[in-house]
Amino acid sequence: MQDSILVSVHRGTGAGIIVNGQVFLGHNRNVGEIGHIQIDPLGEQCQCGNFGCLETVAANPAIVKRVRTLIEQGYESTLALKEHITIEDVCSHALNGDELAKQSLVRVGNQLGKAIAITINLFNPQKVIIAGDITMAKDILFPAIRRNVENQSLTTFHSDLHCCLRDRQAANHGCFRDDQESDAQRRFVTKTT
């Protein structure tokens with residue numbers, strides 16, 4: 001595809017952008033700092049100095065920190081039994097019904113979806129690829145992202161937009177997971193007539 005955006009959620013949150021089949025680099029050969037889009041002006045301070053950047057919510061350390069904080073505040077979770085919590089733990093517990101872990105990932109999906117909607121409105125890509133450990137919980141994450149993209153990006157930009165998740169297993173094999181999902185699952189919105 002000629003125009004696509006890769007959103008990567010790991011220790012930070014970044015994006016790679018391809019426009020007309022070429023990697024978009026910008027003036028100083030650095031671009032795609034989606035993690036520094038402000039999503040909550042009253043949010044936590046980011047390492048960049050700003051407050052409420054996406055990265056303060058949708059990055060592995062931020063997700064784990066929030067879960068730990070909520071457990072310390074007395075919220076119930078099966079994760080409370082773990083001495084050291086990882087992002088993999090949050091995802092697996094969410095998939096196994098832990099409500100705290102699940103709602104934490106829904107929150108990430110909502111905020112990630114808002115930032116992705118902004119990039120869709122700016123670049124009108126044909127495809128958005130989401131990568132990172134959080135894709136382990138795609139059944140929780142993806143609907144939240146989709147809902148926000150549908151509500152906050154232009155319909156003409158997202159109506160035929162393909163979205164796929166790239167997980168660690170797919171990355172290790174150099175393939176994308178979207179070939180295993182139906183056409184409707186790959187799109188944010190199925191085309192209506």
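## Close-ups of a predicted model

**View 1. Helix α1 and the largest pocket.** Helix α1 (residues 60-72) gives the largest share of the lining of the largest pocket, six residues. Keep in mind that this is a predicted model. In all, 19 residues line the largest pocket, and its volume comes out at about 390 Å³. Look for Glu44, Thr56, Val57, Ala62 and Lys65, which lie nearest the pocket's centre. What kinds of residue make up the lining? There are seven charged ones, plus six nonpolar and six polar.

**View 2. The open sheet, strand by strand.** Five strands make up this open sheet, with mixed pairing and the order β3-β2-β1-β4-β5. At the edges you'll find β3 (22-23) and β5 (162-166); each has a single partner strand, so one side of each goes without a neighbour in the sheet.

**View 3. Strand β4 and its two partners.** Here we zoom in on β4 (residues 127-132), which runs parallel to β1 (residues 4-9) and is joined to that strand by six bridges. Two of the residue pairs are worth picking out: Ser8 has Ala131 as its bridge partner in β4, and Val9 stands opposite Gly132. Turning to β5, five bridges tie this strand to β4, and the two run parallel. Across that pairing, Ile129 sits opposite Cys164 in β5.

**View 4. The two faces of β4.** Which residues of β4 point which way? Lys127, Ile129 and Ala131 go one way, while Val128, Ile130 and Gly132 go the other, and all are buried. With six of its six residues buried, β4 is therefore largely enclosed by the rest of the structure.

**View 5. Ser4 on strand β1.** Ser4 belongs to strand β1. Is Ser4 buried or exposed? Its relative accessibility is 11%, and the cut-off for buried is under 20%, so Ser4 counts as buried. Setting aside neighbours within four places in sequence, Ser4 touches Gly16, Ile17, Ile18, Pro125 and Lys127. Lys127 also turns up in View 4, as one of the buried residues of β4.

**View 6. Helix α3 over the sheet.** Helix α3 (residues 99-123) lies across three strands: β1, β2 (13-19) and β4. How does α3 run relative to β1? The angle to β1 is about 155°.

**View 7. The buried residues of helix α2.** In helix α2 (residues 87-95), the buried residues are Ile87, Asp89, Val90, Cys91, His93 and Ala94. As a reminder, an α-helix has 3.6 residues a turn, so residues three or four places apart point the same way. What covers the buried residues of α2? The cover includes α1, α3 and α4 (138-152). After α2 comes Gly97, with a positive phi near 100°.

**View 8. Asn30 in its loop.** Asn30 sits in the loop between β3 and α1. At 47% relative accessibility, this residue counts as partly exposed. How far is Asn30 from Gly16? The two are 14 residues apart in sequence, and their C-alpha atoms are 9.7 Å apart in space. Gly16 is also among the residues that Ser4 contacts in View 5.

Note on methods. Residues numbered from 1 in each chain as written. Predicted model: local features only at pLDDT ≥ 70, side-chain atom pairs only at ≥ 80, totals over all residues. Heavy atoms only, no water. 1 Å grid on protein atoms, 1.4 Å probe; cavity = no way out; pocket = protein on both sides within 12 Å on 5 of 7 lines; lining within 4 Å. Points joined across faces, edges and corners; volume = space filled by probe spheres on them. Nonpolar A, V, L, I, M, F, W, Y, C, P; charged D, E, K, R; others polar. Pairing = 2+ DSSP bridges. Contact = heavy atoms within 4.5 Å. Axes fitted to C-alpha atoms, helices over the stretch in contact; angles between N-to-C directions. Buried < 20%, exposed > 50% of the residue type's maximum accessible area, 1.4 Å probe, protein only.
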